[in-house]
Amino acid sequence: MSSQLSHNKDQPRIRKSLSDSSPTSSTATTKSLRHERLSRLSSSGSSDVSNDTTTNHAESYFSRRENRLSARKKAEEETANNDYKKMYEKALATNQRLKSRLETSKQELVMIQEQLQRAQKGRKGECGSNMLETEKKESWSLKKKISDMEEQVKVKADLKMENQRLKDENGALIRVITKLSK
C-alpha cells in the first residue's frame, strides 16, 4: 500500500472535468481514466484474491459514478432544452398575436378607405336625395375617422419627442448632480 501511495505522490495528478471535454469524448475520457486507475490498482505488486475484490469493487464504483454523472448531465440538458423551448414558444405566441392584430388593422384600414372612395365617387345610377344624404354622412364620418387617426399619430409622435427630451434632460441633471456631489 505504501508503494502505491509513493507512486501516486511522485506522479502529478491531472484531472479533467466533464465540461472541459466534448460530449462525444467524455465517455472515452472517463473510460481511459478508469482504466488508468484500475491499472494502478493492479500494478501494486500483489496478485492475490484481495486484489481481485478491490478491482471488482473499484470497477463497480466507477461504473456507478459514471452512470450517476451521465444521468445528471442528461437531466441538466433536458432542463435547459425545456427552458429554451418555453421561451421560444412564448416568443412565437407573442409574434403570432401581434401579426394577427396587425393584419386586422390593415384590413380595417382597407375597408375604411374603400368606403371613403365609394362615398366620394357617389353612385351614378341612383339619384335619390336620401342616398345622397347618407353618402354625405358616410363620407363625413369616414373623413372624421381618418382625421382622428391622423391626429392620434401626430400626438404619438409628439409624445415620443417629448419623452426623449425629458430623458435627455434627466441624464443631464444626473450628470450635474454627480459633479456637484463630488
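This is a tutorial dialogue on how to read a predicted model of a protein chain.

Visitor: Where should I begin, and which elements does the protein chain have, from the N terminus on?

Guide: Begin with the secondary structure, taken in order along the chain. The protein chain has four helices and zero strands, and from the N terminus on its elements run α-α-α-α. Two of these helices will come up repeatedly below: helix α3, which covers residues 49–121, and helix α4, which covers residues 129–181.

Visitor: Since this is a predicted model, in which helix is confidence lowest, and in which is it highest?

Guide: Confidence should be read element by element as well as over the whole chain. The mean pLDDT of the protein chain is 76, and 69% of its residues reach 70 or more. Confidence is lowest in helix α1 (residues 2–10), with a mean of 46, whereas it is highest in helix α4, with a mean of 89. Over residues 1–12 pLDDT stays under 50, and for this stretch the model has five contacts beyond four places in sequence. Over residues 14–24 pLDDT likewise stays under 50, and here the model has six contacts beyond four places in sequence.

Visitor: How do I read burial for the chain, and what percentage of the 182 residues is buried?

Guide: Take the share of buried residues together with the exposed area and the contacts. Buried residues make up 9% of the 182 residues in the protein chain. The chain exposes about 15900 Å², of which carbon and sulfur atoms supply 55%. As for contacts between residues at least 6 apart in sequence, 54% of them join residues at least 24 apart.

Visitor: Could you take one residue as an example: is Ser-139 buried or exposed, and which residues does Ser-139 touch?

Guide: Ser-139 lies in helix α4, and it counts as buried because its relative accessible area is 9%, which falls under the cut-off of 20%. Leaving aside residues up to four places away in sequence, Ser-139 touches Leu-116, Ala-119 and Gln-120.

Visitor: Ser-70 is another serine that I would like to place; where is Ser-70 found, and which backbone oxygen does its side chain reach?

Guide: Ser-70 is found in helix α3, and with a relative accessible area of 35% it is partly exposed. Its side chain reaches the backbone oxygen of Asn-67 at a distance of 3.0 Å.

Visitor: How is a pair of aromatic rings described, and how many aromatic pairs does a search of the whole structure find?

Guide: Such a pair is described by the distance of the ring centres and the angle of the planes. A search of the whole structure finds one aromatic pair. The ring centres of Tyr-61 and Phe-62 are 5.3 Å apart and their planes stand at 65 degrees, so the pair is edge-to-face. Of the two partners, Tyr-61 counts as partly exposed, at 36% relative accessibility, while Phe-62 is buried, with a relative accessible area of 13%.

Visitor: Turning to charged side chains, how many salt bridges does the structure hold?

Guide: For each bridge, look at the partners, the distance and the spacing along the chain. The structure holds two salt bridges. In one, the side chains of Glu-162 and Arg-165 meet at 2.3 Å, N to O; these residues are three apart in helix α4, and therefore about one helical turn separates them. In the other, the side chains of Glu-169 and Arg-165 meet, again at 2.3 Å, N to O; here the residues are four apart in helix α4, which also means a separation of about one helical turn.

Visitor: Which residues are linked in a network of salt bridges, and is Arg-165 buried or partly exposed?

Guide: Glu-162, Arg-165 and Glu-169 are linked in a network. Arg-165 is partly exposed, with a relative accessible area of 37%. Glu-162 is partly exposed at 35%, and Glu-169 is partly exposed at 37%.

Methods:
Residues numbered from 1 in each chain as written. Predicted model: local features only at pLDDT ≥ 70, side-chain atom pairs only at ≥ 80, totals over all residues. Heavy atoms only, no water. Helix = DSSP H or I, 4+ residues; strand = E, 2+ residues; numbered from the N terminus. Buried < 20%, exposed > 50% of the residue type's maximum accessible area, 1.4 Å probe, protein only. Contact = heavy atoms within 4.5 Å. Areas by Shrake-Rupley, 256 points an atom, 1.4 Å probe, with all protein chains shown as cover. pLDDT = per-residue confidence, 0-100. Phe/Tyr/Trp six-rings, centres within 6.5 Å; stacked < 30°, edge-to-face > 60°. Salt bridge = Lys/Arg side-chain N within 4 Å of Asp/Glu carboxyl O. Polar contact = N/O pair within 3.5 Å; in protein donor to acceptor, adjacent residues only side chain to side chain.
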